[in-house]
There are 2 protein chains.
Amino acid sequence: MTSALATELPVEDGVLTGAFDQIRKYVRTTPLLRSDHLSQLINGEVLVKAESLQITGAFKFRGALYRLLNLPDKQKKQGVVAYSSGNFAAGLAAAGQLLGIPVHLVMPHDAPATKIRNARYHQANVTLCHHCEPSREEAAGNMAKAIARSECATLLHPFDDHELIIGQASVALEIQEQLRHWQKPCEHLLCPVGGGSLVAGSSLALRAQSQGQTSVWAVEAEGYHGMNLSLQQGKRCRASGNLPCDCDALMALEPGIANLEVTLQTGVLGMTVNTKQVHNAVQLAFSELNLVLEPSGAVGLAAIMKSPERFYGKTVVTIASGGNVDQQKFVELLS
Amino acid sequence: MTSALATELPVEDGVLTGAFDQIRKYVRTTPLLRSDHLSQLINGEVLVKAESLQITGAFKFRGALYRLLNLPDKQKKQGVVAYSSGNFAAGLAAAGQLLGIPVHLVMPHDAPATKIRNARYHQANVTLCHHCEPSREEAAGNMAKAIARSECATLLHPFDDHELIIGQASVALEIQEQLRHWQKPCEHLLCPVGGGSLVAGSSLALRAQSQGQTSVWAVEAEGYHGMNLSLQQGKRCRASGNLPCDCDALMALEPGIANLEVTLQTGVLGMTVNTKQVHNAVQLAFSELNLVLEPSGAVGLAAIMKSPERFYGKTVVTIASGGNVDQQKFVELLS
């Protein structure tokens, strides 16, 4: 599926802060919670940005809202179509409901039930996709494309889109505001990466705001580490996708074209984590911070637990998003 | 055990806001999360004050910190002793660690392991109490008294203390600040009640700030509803304590003397919830809000689900505290 790169990506700080100002009144300011355990582990400061508490339980609501707010009026009336494994679906559905814009979603049939329920709860029309070839994301993408054509609706890409990048950048800007209170610089920022809009937005925001003092990390699940491979090779690469994976929100095989362009320019670094490490991180978030994280939301914590020496003595912020996990799955993760 | 009512309780607004200013830099501003499901249920607004995300996972840190900050220097040096079923223990331990004040705690041997671990993590000296007569709280209280005498340390009561009330009032003041953003008045505030310092502080703060426009509710677990009985009778009454109960933080049989004095003066209302209702509320907090709540932290949500008609069309805030629950117990609650 082609991405939706209709415009040049603006990197001026004013564009990003302007976007944040535009969506600020609709989004939740999510808390930045210190993890005493991980701070001790790295002999520094580990702060967890709990985007699992964002509206619809993930940062995706921010980008979706900004995207819809800036749609021309005619397109707003005709509605939008998108495919998503779940968190973008719920975020887009909630944003559409808020703004009165019809939303039609294509979701993989094996997406977590809670994510499908969330999207329907916010009045979206949901079509389930049962195909898995070439990948479940790409099959759903092709179906969304066909629906958009037949409904004369606007097709949105779930992550490869300049306006999504700009919307997601608000997470990093909010972190910067909160860190002023702590009077500490953010030396490392860890982002969970599926298609890469969050890490692209974050690295743009921090480049503008911190004069490059922050190392931004793309953290991916093993076997689905297309961004990591692409950063190593300096060009778009595809992961195999042939490992079992609980991180259903991070299963894109390739990074978005726009996202990779940004992450290469801004010098984003890469890390991967495995299933066992992610499970341990979900348990830590539960027991220390009283947060419910889905596996995808815990990869940043897992990365710190995997390689604490990389962050020794530093101030590290990890974005924990999302928190949408089926009850039965969460029971398994804790057991 | 006698309460620690050394001073007259000040009810001037300036005292409460002054206390909040004093502790503000140490405590977390916890988020106020809208529950779409419960808002729909009452055809109004239900906002959840997630004090489960406070430092040590409960509002108790606020009162404990204020109490220790205002201790005379000599007493700070000699340290403090207290008994607690868990959340006050962890809050006091963390406050003591922060301020360099030695803390010795007596906890029931059957307190959740996570609460005992939390207290020890923050460097408190913890003694487990194996007695359960006349009640586990009172047995632990007697042991704490003996330790304080032998150690020449200051004995603190876990809830019946004017300065704790003043410290806990900061939760309601913070809610009022957050509601200005929503431009809505708080028409009902629901507080979980064990000994009653939170509901006492909240009702004082709201009386001062909202000119009595807010109904404040003391929500208790059935069988442990000493505050409800006392409010009905207009005098201190004792609950039977003879029902099985998951709300380990709310098992005090009688309200604190100081707390009851305030709640009678300010016209606090009462509700009780049963075990099944609490379990449903824990599940709702998990599935809708991605919050981990211990049963005691979910009684306010349970009260809304039990009697939505009482809150029809109104703006309701419920304080969700705490979030400290053993992993195995949480698995049972979700299963």
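Which residue of E10(B) is the bridge partner of Val46(B)? In this predicted model, the partner is Val316(B), and that pair is a good place to start a tour of the structure. For orientation, the model scores ipTM 0.92 and pTM 0.94. Chain A has a mean pLDDT of 93, with 96% of its residues at 70 or more.

**Strand E10 and its neighbours in chain B**

Strand E10(B) covers residues 315–320, and 6 of its 6 residues are buried, so the strand is largely enclosed by the rest of the structure. In a regular strand the side chains alternate between the two faces of the sheet. Here, Thr315(B), Val317(B) and Ile319(B) point one way, while Val316(B), Thr318(B) and Ala320(B) point the other way. Residues of both sets are buried.

Two strands pair with E10(B), as this table shows:

| Strand paired with E10(B) | Sense | Bridges |
|---|---|---|
| E2(B), residues 45–50 | parallel | 6 bridges |
| E7(B), residues 188–192 | parallel | 3 bridges |

On the E7(B) side, Leu189(B) stands opposite Val317(B).

**Helix H13 of chain B**

Is helix H13(B) largely enclosed or largely open? With 7 of its 8 residues buried, H13(B) (residues 299–306) is largely enclosed by the rest of the structure. The buried residues are Val299(B), Gly300(B), Leu301(B), Ala302(B), Ala303(B), Ile304(B) and Lys306(B).

**Two domains in chain A**

Turning to the other chain, the domain assignment of chain A gives domain 1 (13–58 + 165–334) and domain 2 (60–156). The C-alpha centres of these two domains lie 23 Å apart. Their contact takes 26 residues from domain 1 of chain A and 23 residues from domain 2 of chain A. On the domain 1 side, the elements that give two or more residues are helix H1(A) (13–23) and helix H8(A) (162–182). H8(A) gives the most to that side, with 5 residues. By class, the domain 1 side has 13 nonpolar, 10 polar and 3 charged residues.

**How the two chains relate**

Two copies of a chain are related by a rotation about an axis and a shift along it. For this pair, a rotation of 180° with 0.0 Å of shift along its axis superposes chain B on chain A, with an RMSD of 0.0 Å. That is the relation of a two-fold axis. What of the surface through which the copies meet? Because 100% of the interface residues of chain B are also interface residues in chain A, the copies meet through the same surface.

Conventions:
Residues numbered from 1 in each chain as written. Chains lettered and ligands numbered in written order. Predicted model: local features only at pLDDT ≥ 70, side-chain atom pairs only at ≥ 80, totals over all residues. pLDDT = per-residue confidence, 0-100. Buried ≥ 20, exposed ≤ 12 C-beta atoms within 10 Å, placed from the backbone. Helix = DSSP H or I, 4+ residues; strand = E, 2+ residues; numbered from the N terminus. Domains from an automatic or database assignment. Contact = placed C-beta atoms within 7 Å. Nonpolar A, V, L, I, M, F, W, Y, C, P; charged D, E, K, R; others polar. Least-squares fit on C-alpha atoms with pLDDT ≥ 70 in both. Pairing = 2+ DSSP bridges.
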